[in-house]
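Welcome! Take a moment to look over the sequence and the 3D view before reading on.

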Amino acid sequence: MNKCAVHKISGVTEPSTRAAYDSVASLYAELFGNVLDTLPLERALLAAFADLVRAGGNGQVADVGCGPGHVTAHLRGLGLDVFGTDLSPEMIAIARRAHPDLRFDVGSMTALDLADGVLGGVLANYSFIHTPPAQLPAVFAEFARVLAPGGHLLLGFFAGDDPEPLEFDHKVAPAYWWSPESLANLVGQAGFVEVARLVRAANEGERGPQGQLLMRRQA
Ligand SMILES: C[S@@+](CC[C@H](N)C(=O)[O-])C[C@H]1O[C@@H](n2cnc3c(N)ncnc32)[C@H](O)[C@@H]1O
């Protein structure tokens, strides 16, 4: 696994992440806009997430760090009332153009513009990976705040095996490998219980295993 990892925390900040994604937004949309077509295991977890949200009353879902909105649109196709939010105005502009029937807002996962307990689900697919680990408890607390009790959280991430999150030179902005166990423990501390975890082997061109973690907001 070519992780090129370091334990130290870089000076990554939201403004630097926003600028990095603004500068590659078109290319990102071109490269990844149809990626779900090639990812049956990710689609399976998204389908399970959608089933659970529907079974829990079909509350509104936020795709946090939605990028160009392709996963948001996939969730809409699964019958969810979903909107996307992202730090990058360029990403949001692309998402709005590609999916004019859906709502997309510029915003940070650290301070969602939502009242307490209003959501049935939160998806954070490879978006929290850029947040320095020390700041993640506040992010997961924010997800817990906006989710109704029993609501579901699905996380997509680069799956490592070191108990400590490891920073690596992600192509767009510094990011972290997380072990599923460490991530589940951290999210659990914000008031979630684990429903399922999945780690799949790297596909061609990927740098290592990929993980998904499905958690439920405690009542
Ligand atoms: C690797 S892309 C993933 C995009 C999309 N979720 C997907 O599955 O393709 C990471 C996205 O997270 C967004 N992001 C990073 N940090 C964020 C934050 N603190 N709040 C909101 N969005 C953030 C970036 O702007 C970028 O669009």
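This report walks through the ligand site, a surface patch, a histidine in a loop and some salt bridges. Please keep in mind that the model is predicted.

Let us begin with the ligand. It is surrounded by 19 residues, and the closest are Glu-14, Tyr-28, Gly-65, Asp-86 and Asn-125. Sorted by class, this shell holds 8 nonpolar, 9 polar and 2 charged residues. Several polar atoms of the protein sit close to ligand atoms. The side chain of Glu-14 has an N or O atom 2.7 Å from a nitrogen atom of the ligand, and Tyr-28 places a polar side-chain atom 2.7 Å from a ligand oxygen. Leu-87 takes part through its backbone, where a polar atom is 3.2 Å from a ligand nitrogen. How much of the ligand does the protein bury? On its own the ligand exposes 590 Å², and the protein buries 97% of that. Two or more shell residues come from each of the elements α1 (14–32) and α3 (70–77), and α1 gives the most, with 4 residues.

Helix α1 also holds Leu-31. Is Leu-31 buried or exposed? Its relative accessibility is 54%, so it counts as exposed. Together with Leu-27 and Phe-32, Leu-31 makes a nonpolar surface patch of about 280 Å².

Next comes His-170, found in the loop between β6 (166–168) and β7 (175–177). This residue is buried, because its relative accessible area of 18% is under the 20% cut-off. A polar atom of the His-170 side chain lies 3.0 Å from the backbone nitrogen of Val-172.

Finally, the salt bridges: the whole structure has 9 of them. Three are listed here.

| Salt bridge | Closest N and O atoms |
|---|---|
| Glu-42 and Arg-200 | 2.8 Å |
| Glu-181 and Arg-197 | 2.9 Å |
| Arg-200 and Glu-206 | 2.8 Å |

Glu-42 and Arg-200 form a link between distant parts of the chain: Glu-42 is in helix α2 (residues 40–55) and Arg-200 in strand β8 (residues 192–200), 158 residues apart. Glu-42 is buried at 7% relative accessible area, and Arg-200 is buried at 8%. Glu-206, at 28% relative accessibility, counts as partly exposed. Glu-42, Arg-200 and Glu-206 are linked in a network of salt bridges.

As for the Glu-181 and Arg-197 pair, Glu-181 lies in helix α6 (residues 180–188) and Arg-197 in strand β8, so the bridge ties together parts 16 residues apart in sequence. Glu-181 is partly exposed at 42% relative accessibility, and Arg-197 is partly exposed at 37%.

Terms used:
Residues numbered from 1 in each chain as written. Predicted model: local features only at pLDDT ≥ 70, side-chain atom pairs only at ≥ 80, totals over all residues. Heavy atoms only, no water. Near = heavy atom within 4 Å. Polar contact = N/O pair within 3.5 Å; in protein donor to acceptor, adjacent residues only side chain to side chain. Areas by Shrake-Rupley, 256 points an atom, 1.4 Å probe, with all protein chains shown as cover. Nonpolar A, V, L, I, M, F, W, Y, C, P; charged D, E, K, R; others polar. Patch = residues over 30% accessible without salt bridge, like charges linked within 9 Å, V, L, I, M, F, W, Y side chains within 5 Å. Salt bridge = Lys/Arg side-chain N within 4 Å of Asp/Glu carboxyl O. Buried < 20%, exposed > 50% of the residue type's maximum accessible area, 1.4 Å probe, protein only.
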